[in-house]
Amino acid sequence: MSERTVELFVDPACPFAWMTSRWLGHATEVREFTPRFSVMSLAVLNEGRDLDPGYRRSIDDSWGAARLAIAIDEAEGNAAFARWYTAWGERYHVGGDQDDRKRVAEQALADAELPASLIEHYDLVPGDATDQALRASHERAISMVGDDVGTPVISFGEGTAYFGPVVSPAPRGEEAGRLLDGMEALTSVTGFFEVKRSRGDGVDLS
């Protein structure tokens, strides 16, 4: 296993974070590094903000998956979190099974061969140990990039961390490797802040 680590902060409910995580997986096939998945929370990020009612409902429903991800990482380790996140994303994002997020989270636990009892951490309990751990992980991401971002956030362990990359579809093969190289190069440029272009409608999950 490579000592070089690339850390990606994700909210499990975010389709763009899901696509970035798939790109990172593809990049491991052509570059030597160890991916690490950590959690940031769109629910924490948007606390107290005036949002469109529909988006507010979606954000308020995102607590559970983020809490469960934190609990898995703490109890079973990062590889287990990665397995659950893949199982969750295949059902929730790719499969479009989004009517009952808690049920999908439970099914993903089974798919990832993780203890079913971990679902006890899913429901929001303000101030409990899982809530505190989620907020601490989220704050670690925000401390790197500021609060004018969403998910995902990427860090190469030194230099500057960034929001993104936002990709659709997820690059594969050498294209995935070149994007990784480019992102890592950007971290060494302290004055660099943003590159952006308009994107099409929807997310290409292929």
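1. Contact here means heavy atoms within 4.5 Å. The model is predicted. On that footing, Pro15, Ala17, Trp18, Ser21 and Arg22 of helix H1 meet Tyr85, Thr86, Gly89, Glu90, His93 and Val94 of helix H5. By class, this H1 contact with H5 has five nonpolar, four polar and two charged residues.

2. Now the geometry of that pair. H1 spans residues 15–27 and H5 spans residues 78–94. The two pack at an angle of about 130°, and their axes are 11 Å apart. That angle makes H1 oblique to H5. Oblique applies because angles over 145 degrees count as roughly antiparallel and 65 to 115 as roughly perpendicular, and the value falls in neither range. The crossing of H1 past H5 is left-handed.

3. Salt bridges come next. The structure holds 14 of them. One of them joins Asp181 and Arg31, with the closest N and O atoms 2.8 Å apart. This pair links distant parts of the chain, 150 residues apart. Asp181 sits in helix H8 (residues 173–187), and Arg31 sits in the loop between H1 and strand E2 (34–39). How buried or exposed are the partners? Asp181 is partly exposed, at a relative accessible area of 34%. Arg31 is buried, at 17%. Arg31 counts as buried because its value is under 20%.

4. Arg36 and Asp73 also pair. Their side chains meet in a salt bridge, 3.2 Å from N to O. Arg36 lies in strand E2 and Asp73 in helix H4 (residues 63–76), so the bridge ties together parts that are 37 residues apart in sequence. Arg36 is partly exposed, with a relative accessible area of 30%. Asp73 counts as buried, at 18% relative accessibility.

5. Which residues are linked with Arg36 and Asp73 in a network of salt bridges? Glu7 and Arg140 are. The network thus named comprises Glu7, Arg36, Asp73 and Arg140.

6. A further bridge is formed by Arg135 and Glu47, whose side chains meet at 2.7 Å, N to O. Here too the pair links distant parts of the chain, 88 residues apart. Arg135 belongs to helix H7 (residues 129–145). Glu47 is in the loop between helix H2 (42–45) and helix H3 (53–60). Arg135 is partly exposed, with a relative accessible area of 30%. Glu47 counts as partly exposed as well, at 39% relative accessibility.

7. The backbone deserves a check at two prolines. A cis peptide bond joins Gly164 and Pro165, with omega about 0°. The peptide bond from Ser168 to Pro169 is cis, with omega near 0°. Where do these prolines lie? Pro165 is in the loop between strand E4 (162–163) and H8. Pro169 lies in the loop between E4 and H8. H8 is also the helix that holds Asp181, the salt-bridge partner of Arg31.

8. One last backbone point concerns Glu113. This residue has a positive phi of about 55°, although it is not a glycine. Glu113 lies in the loop between helix H6 (101–111) and H7. H7 is the helix that carries Arg135. Glu113 is exposed, with a relative accessible area of 71%. The label follows because exposed means over 50%.

Note on methods
Residues are numbered from 1 along each chain as its sequence is written. This is a predicted model: local features need pLDDT of at least 70, side-chain atom pairs count only at pLDDT 80 or more; totals for chains, interfaces and linings use all residues. Side-chain values use heavy atoms; hydrogens and water are left out. Axes are lines fitted to C-alpha atoms, for helices over the stretch in contact, and angles run from 0 to 180 degrees between N-to-C directions. Helices (H or I, at least four residues) and strands (E, at least two) are DSSP runs, numbered from the N terminus. Angles under 35 degrees count as roughly parallel, over 145 as roughly antiparallel, 65 to 115 as roughly perpendicular and the rest as oblique. A crossing is left-handed if the near helix is turned anticlockwise from the far one by less than a right angle, and right-handed if clockwise. Ala, Val, Leu, Ile, Met, Phe, Trp, Tyr, Cys and Pro count as nonpolar, Asp, Glu, Lys and Arg as charged, and the others, Gly among them, as polar. A salt bridge is a side-chain nitrogen of Lys or Arg within 4 Å of a carboxyl oxygen of Asp or Glu. Buried means under 20% relative accessible area, exposed over 50%, partly exposed in between (1.4 Å probe, protein chains only).
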